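Work through the exercises below with the model open beside you. Try each task before you read its solution.

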Amino acid sequence: MKRYSNSISVLVILALITIVGCNSNSEKEADEPLVKINQTVLTKGMLSNAVPNSLSKDDSVIFAQDYINRWIRSELLLGKAELNLTPEEKDVAALMEEYRRSLLIHQYQQKMLEQKYSPLITGSEIRNYYTEMEDNFKLSEPIIKGVFVIVPQSAPNIDDLKKWYRSDDSEDIVKLEAYCFQNAKKYEVFLDHWLTFDEINKRLPESINRTERFIKNNSYHHTTDSLYQYFLSIKEFQLSNEVAPLEFVESKIKAILLNKKRLEFIKQLESDLYEEALKNKNITFY
């Protein structure tokens, strides 16, 4: 195999098409070789087992071709490693055992978490953590609440839209949402939650520079390109380095507290197992 990195032989490609075109192969077909490197062989059966059943025929061929290329690279590297590493360097039994131990312990901990532990994070816990650690929740970028609408240039009743997207009246907001449902390419009325200004800025035909200065001095923004009109209304904002509002970081705090409780549960699990082993005299100290 001289050109494995970029291409595979025509015969192998034909074999790929045959493999992915059938769900089952006979035992004889499964043992047929596709690629051989020194004394190691990749068979049709090995490749067939590696290809996910959910892929289309074309995607399966692409996946199989990539799999063969990766298998070849891996075997070549392994061959070099076998030749060039000392017996001591090739002795990975201890590493494999350590990995096995770590994996089994992790799986057991996860099983115990799923079976016996469903931590409930209360609103008061979240608020207390937020109050104690608020310096850790300073904003790295501005956030806003407001309205963002994109409509085609041919959209009807633009004057009404210009009125409604600026309005704070609840009836106008209802009218705006009904209008956008019928006419907007994209719209978001985010009066009850925060978005980073960058999320909106990326959707504009031309990004707004000096965003903090813009936010402090502008409540509305209307711009166009050849196809669409863009309307932004900023109802509330907070700037970089200000403490983020609780609602903006609530999910982050909840994740922190959940992880903390899980770690505490695992620590207690280890302690309980130790005490139980001592009680049952399963531990012997010499």
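**Exercise 1: One helix, two sides**

What covers the buried residues of α7 includes α12; contact here means heavy atoms within 4.5 Å. This is a predicted model: local features need pLDDT of at least 70, side-chain atom pairs count only at pLDDT 80 or more, and totals for chains, interfaces and linings use all residues. Residues are numbered from 1 along each chain as its sequence is written, and side-chain values use heavy atoms, with hydrogens and water left out.

Task: Find which residues are buried in helix α7.

Solution:
- Locate α7 at residues 123–132. Helices are DSSP runs (H or I, at least four residues), numbered from the N terminus.
- Pick out Ile126, Tyr129 and Tyr130, which are buried. Buried means under 20% relative accessible area, exposed over 50% (1.4 Å probe, protein chains only).
- Look down the axis of α7: its buried residues fall within an arc of 100 degrees, so they line one face. The arc uses directions from the helix axis to the C-beta atoms.
- Turn to the other side of α7, where Thr131 and Glu132 are exposed.

**Exercise 2: A lysine in α12**

Task: State which backbone oxygen the side chain of lysine 261 reaches.

Solution:
- Find lysine 261 in helix α12, residues 246–279.
- Follow the side chain of lysine 261 to the backbone oxygen of leucine 120, at 3.2 Å.
- List what lysine 261 touches: Tyr117, Pro119, Leu120, Ile121 and Glu125, not counting residues up to four places away in sequence.

Methods
Helices (H or I, at least four residues) and strands (E, at least two) are DSSP runs, numbered from the N terminus. A polar contact is a pair of N or O atoms within 3.5 Å; within protein, one must be able to donate a hydrogen and the other to accept it, and residues adjacent in sequence count only if both atoms are side-chain atoms.
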